[in-house]
Amino acid sequence: MSRLSERPDDAVVGLALPHESAALHVTGHALYTDDLVHRTPHVLHAHPVCSPHPHARVTRVDAAPALAVPGVVRVLTADDVPGVNDAGVKHDEPLFPDVVMFVGHAVCWVLGDTLEAARRGAAAVEVDYEPLPAIVSLAEAIDAEHFQGGRPVVARGDVQAGLAGAAHVFSGVTEMAGQEHFYLETHASLALVDEGGQVFVQSSTQHPSETQEIVAHVLGLDSHHVTVQCLRMGGGFGGKEMQPHGFAAVAALGAVLTGRPVRLRLSRTHDMTMTGKRHGFHAQWRVGFDDDGRLTALEATLTSDGGWSLDLSEPVLARALCHVDNAYWIPHVLLHGRVARTHKTSQTAFRGFGGPQGMLVVEDILGRCAPLLGIDAVDLRRRNFYVDGQATPYGQVVRHPERLVAAWEQVLASGDVVRRRAEVAAFNAAHPHRKRGLAVTPVKFGISFNFTAFNQAGALVHVYKDGSVLINHGGTEMGQGLHTKMLQVAATTLGVPLAKVRVAPTRTDKVPNTSATAASSSTDLNGGAVKDACEQVLARLREVDAGRGLAWEELVREAYFSRVQLWAAGFYRTEGIHWDSTRMSGHPFKYFAYGVAAAEVEVDGFTGAHRTRRVDVVHDVGDSLSPLVDLGQVEGGFVQGVGWLTMEDLRWDETDGPGRGRLTTQSASTYKLPSLGELPDEFNVALLERAHEDGAVYGSKAVGEPPLMLAFAVREALREAVAAFGPDGVSVELASPATPEAVFWAAERARAAVPGHLRGGVVEGLPGAVPDRPDPAAPALHPRSEQAAHAAGEA
Amino acid sequence: MPDPQVTVNGQPRPLAGTPTHTNVLDFLRGLGLTGAKEGCAEGECGACAVMIARPDGAGCRWTPVNACLVPALALDGQEVVTAEGLGTPERLHPVQAGLAAAGGSQCGYCTPGFACSMAAEYYRPGREAGPEGFDLHAIAGNLCRCTGYRPIRDAARALGGPASADPLAERQGSPAPAVVATRVDGFARPADLAEALALLAEHPDAVVVAGSTDWGVEANLRGRRASYVVAVDRLPELRGLSTGGPVEIGAALTLSEVEAALGDTVPLLADVWPLFASPLIRNGATIGGNLATASPIGDLAPALLALDATLVLASASGDREVALADFFTGYRETVLRAGELIRAVRVPTPLPTRTTFRKIAKRRYDDISSVAVAAALDVVDGTVVRARIGLGGVAATPLRARATEAALEGRPWTQETVEAASRVLAGEGTPIDDQRASAAYRSAMLGNALRAWWFEEWDEEQSR
């Protein structure tokens, strides 16, 4: 066991504690960035002037009418930028654009004494546009070959040989929509100029260091002139990893130019229309199976909808390609990746970071092909699991595949899956208009940033003379419980009660050069750094103690008077990982997080409405640092995943009408998140036991992202339920999200389907007959059996 | 007239000088009470929920509403409690303690709103302590993006009852604050109907608000501003309810008040309430406001159409009665004249014997319908003698499905009749494609509404 993962007997890690800010949360005393506005005098409020066009040249901006509006103080335009007019890390995101690239793109910002004044001022700004052709949908971009960034390829073996040797080859298309983060707190920044020209920005950001860098380069300052603080966020989910920088820069620019604090907080509609979302994906695939249903080869092209700029689209795509395998061994693989450039918001990080999209491809393939192979989908998934010694398509050996098997078997047992599937079959036989489905799906998710350099973290630990401890670390708190875990790590390492330790807000002047709080890795990274700092202090204290066993306070006091340094900066970097991004191979992940979910759903055949009756989850978090926090992450991630897959329905105006390119679901009334009613009637979540992870902080594993993908079980259960409306062996194509409407049309197709599955190695018939009603919402998704096509005499 | 003021967490706070468009949320946050949050500014997320003391019999009830929708001036004379007023980090309220211990907060942004919605249910008179005593619908209007709701649900179910000396429980024993008339620049709360009508005559462009659940959205999201606002939600003439003969419902009663007062008196309406928005909205929205806003989708209008309801419209020249079926004239247009108010809704009796309400939406609760179908039948000796069907979401206005009604009336109530009528119903209205649903789906849902009803209630096999 490594020293990092070794856990003392009386550890504070491992205790089930509420969130460290819970008492502040429930009383409304917890402060978020925009709450600070009410404690800051003379604040100016910023309001954007947004483009009504998806793509247009800005030919004239006249701010004079805005300045005539009472209370308007200043209009910020490109001419005001002293540094670089760019809000991105790829230098493709002008902060004040001369060509607008999506509906909602901010041309300039108005500052007012009140938000009302700023809003009226923004309405008064005159902008002339010369509209340009716009590419709005992913399909249009693919047709026009309108791509951006690199075209990565993951390859192993000889995919053509693998397909040629397969007993059954199917091809098809899988499409999936994006997802709006809908953190309850919209983007917010509050900037002021401090003493000596120092710029202080409070921002709702997952990546304070990068916010600092962007603010500095927009202002033409060095990084040491800019401090960024994040008290906490009202949710982030990846949406505040790259997207806050420009807003922080606008606030900072306004503060520098006016000398007054500037607050920029997006309304929900602005947040939804201006900021990036989860990437929608299009995947075209050919897959081969042997006679036993084992995957032999997969060839696929994944195209993501990147929106107007690159942002994080390339690493998102890389993670998608690295997760197409999910839990399954595929000997021959050839995966192409492309990022489409569309005139929409710049799609960005979202919990899972491409992993969910990649994994959905293979789960969709297995769900659709199982009936064609005549193999139960539960069996088909299980028989394709990785076994010890096998490696992923990008070359990383899959460690601990037996843990996935353990989780799988535990879910089958605790969820009583075999008996309940028989019950489901009986129910379906008795109910012509309501059908149930029960599915089991696995998750294998790689932990670490693919980009090796990001796998480092820092911490600053102060022990004061009275024995109290203050920790700073580079991670941000967005509700995921990182601060709670860091308190537990510090208390455990120092061997002091939890009450002795306090965590201070994340600030770039305390810990520099931090990585984003992202990739589920923040506990691994910052926990390692906090532990390192604590151990440095502890080592000095041990010398002072010299075996006397002094009480903590006494020891600290004595150390101070002995002139021993009572604080330390800690550092951590993940060992043993490497990644070659040009060859798309290496060992990018420290380890894999595993999980298994079984879900039972019921579908109303009249409407397509569905509800989740029961969910059983076993998830691997290593030895949990904080079980209540981890449970919350598993449950919350699951429900968020269910939202993505079954309900959350981003719609863009793709017509040629005047609203082209507009997001039509731009508010809470048109974009629906899961509410209490979507909570499964019965929801059993267990953490995998005896799951110590060697080489990770106190034997724990990351938990932020992987549980989101447990929600595949609900989607696959819906597929099973829909199939029950049709003849035996029907292969069901399900749009994503599987909204009631999408499920209804899938059920209509199933009802109209001709039965057909493999008997004796021959494909009989084609599944998925065309529905008898037009279905504008559903893409054409029919999987195509090449054997069947051949038998039918097609080319 | 004294200067307007509102009592917040026990402290009087002046309202004078507050702009008409400033909502309660921004007003509270301006006081430094930043617990209530803006999540959506349209009453969909509940992060801004606060409790208001509302009349309830001889006493009052802590009633949660969305602070983002209500003009601050509308709270003149009233009492508000926010999450900060429930407890402090050192002395948590039982609801807060339960939420915190259960892991019911992650990012914490939605949490103060949940605490207020839960506290209101906690104080509901007659609520039993224990798992089944807490009505989970109470938190249907609060969104959480982090937890997945399980710990919040469990915290709610674990709640006991208020302690004997709980001040907020005790407060419910005495009457709600008396309604005060308000008259400031741009905003008036008239004392009675006559004054209201006079004000409307004086200010023909005035915006009439009750719960402000619609106007608040216009003001917040679309930046609409009113030259003058007249609040009618406390007018005594608009708050009556009688069930002796025809059911007459005062237009300014909130949907929650109507729900409580009617109970199961009108079964069709009892089916509508749980599916109609959220409690936070139903506590503010009034029945008159819901009809006057003339949304083509509204859930109540189809039900009232099926019940053959009429509206009593009041103006300076007296009352007139208009059939609801004749009330809507176009998209968001009605026969209401300038200076005219809906005074009451009348539902004729006897009530139809068989009714159903079918709502199709992306989400089960607190969503806007893609399609709403309300059907009311009188079946005598196996024959449909009278059929009324109201539709929402399939035309520019709520609509009577007259062709379908004709296809039912005089026919035996059999599966064959249902099938034939369903084919007619599928062709009613002029549904469109939008972000909620395709036109094809809407038509399909019309077609399936009666089939599903038949199957659920009359099919032998299914009723096992």
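# Patches, cavities, salt bridges and backbone features

A:Val193, A:Val256 and A:Leu257 together make a nonpolar surface patch of about 190 Å². The structure is a predicted model. One member of the patch, A:Val193, sits in strand 10 of chain A, which covers residues 188-193. A:Val193 counts as partly exposed because its relative accessibility is 34%, and partly exposed means between 20% and 50%.

## Empty space inside

Now look inside the protein. Rolling a probe the size of a water molecule over the atoms shows where empty space is left. How many cavities of 30 Å³ or more does the structure hold? The structure holds 12 of them.

The largest cavity has a volume of about 410 Å³. Its lining is made of 29 residues. Nearest the centre of this cavity lie A:Met478, A:Gln480, A:Ser520, A:Gln633 and A:Gly704. Two elements of chain A give two or more residues to the lining: helix 14 (482-494) and helix 15 (522-545). By class, the lining of the largest cavity has 11 nonpolar, 13 polar and five charged residues.

The second largest cavity has a volume of about 320 Å³. Its lining holds 19 residues. Nearest the centre of the second largest cavity are A:Ala87, A:Glu93, A:Phe247, A:Met274 and A:Trp308. Strand 5 (106-112) and helix 7 (244-258) of chain A each supply at least two lining residues. Which element gives the largest share of the lining of the second largest cavity? Helix 7 of chain A does, with three residues. By class, this lining divides into 11 nonpolar, six polar and two charged residues.

## Salt bridges

Next come the charged pairs. Over all chains, the structure holds 92 salt bridges. Three of these pairs are listed here.

| Pair | N to O distance |
|---|---|
| A:Arg60 and A:Asp62 | 3.7 Å |
| A:Asp80 and A:Arg74 | 3.0 Å |
| B:Arg386 and B:Asp308 | 2.1 Å |

Take the pairs in turn. A:Arg60 is partly exposed, with a relative accessible area of 33%. Its partner A:Asp62 is partly exposed too, with a relative accessible area of 25%.

In the next pair, is A:Asp80 buried or exposed? A:Asp80 is buried, because its relative accessible area is 17%, and buried means under 20%. A:Arg74 has 26% relative accessibility, so A:Arg74 counts as partly exposed.

The remaining pair belongs to chain B. B:Arg386 forms a salt bridge with B:Asp308. B:Arg386 lies in strand 19 (residues 383-392) of chain B, while B:Asp308 lies in the loop between helix 13 (300-306) and strand 12 (310-315) of that chain, so the pair ties together parts that are 78 residues apart in sequence. B:Arg386 has 30% relative accessibility and counts as partly exposed. B:Asp308 is also partly exposed, with a relative accessible area of 21%.

Salt bridges can share partners, and in chain A they build one network. That network joins A:Arg420, A:Arg434, A:Arg436, A:Glu600, A:Glu602, A:Arg613, A:Arg614, A:Asp616 and A:Glu682.

## Backbone features

Now turn to the backbone. Most residues other than glycine have a negative phi, and most peptide bonds are trans. Some exceptions follow.

Where is there a cis peptide bond in chain A? A cis peptide bond joins A:Ser736 and A:Pro737, with omega about 10 degrees. A:Pro737 is in the loop between helix 18 (712-723) and helix 19 (740-751) of chain A. In chain B, the peptide bond from B:Thr349 to B:Pro350 is cis, and its omega is near 0 degrees. B:Pro350 is placed in the loop between strand 16 (341-347) and strand 17 (354-360) of chain B.

Positive phi values come next. A:Asp311 is not a glycine, yet its phi is positive, at about 50 degrees. A:Asp311 lies in the loop between strand 15 (295-305) and helix 9 (313-321) of chain A. With 3% relative accessibility, A:Asp311 counts as buried.

B:Asp381 is likewise a residue other than glycine with a positive phi, near 50 degrees. B:Asp381 is found in the loop between strand 18 (371-380) and strand 19 of chain B. Is B:Asp381 buried or exposed? B:Asp381 counts as exposed, because its relative accessibility is 79%, and exposed means over 50%.

How values were computed. Residues are numbered from 1 along each chain as its sequence is written. Chains are lettered from A and ligands numbered from 1 in the order in which they are written. This is a predicted model: local features need pLDDT of at least 70, side-chain atom pairs count only at pLDDT 80 or more; totals for chains, interfaces and linings use all residues. Side-chain values use heavy atoms; hydrogens and water are left out. Patches are made of residues with over 30% relative accessible area and no salt bridge: like charges are joined within 9 Å, nonpolar side chains (Val, Leu, Ile, Met, Phe, Trp, Tyr) within 5 Å. Accessible areas come from the Shrake-Rupley method with a 1.4 Å probe; for residues, only the protein chains shown count as cover. A salt bridge is a side-chain nitrogen of Lys or Arg within 4 Å of a carboxyl oxygen of Asp or Glu. Helices (H or I, at least four residues) and strands (E, at least two) are DSSP runs, numbered from the N terminus. Buried means under 20% relative accessible area, exposed over 50%, partly exposed in between (1.4 Å probe, protein chains only). On a 1 Å grid over the protein atoms alone, a cavity is a set of points where a 1.4 Å probe fits but cannot get out, and a pocket is an open set with protein on both sides within 12 Å along at least five of seven lines; lining residues have an atom within 4 Å of a point. Grid points are joined across faces, edges and corners, and a volume is the space filled by probe spheres set on the points. Ala, Val, Leu, Ile, Met, Phe, Trp, Tyr, Cys and Pro count as nonpolar, Asp, Glu, Lys and Arg as charged, and the others, Gly among them, as polar.
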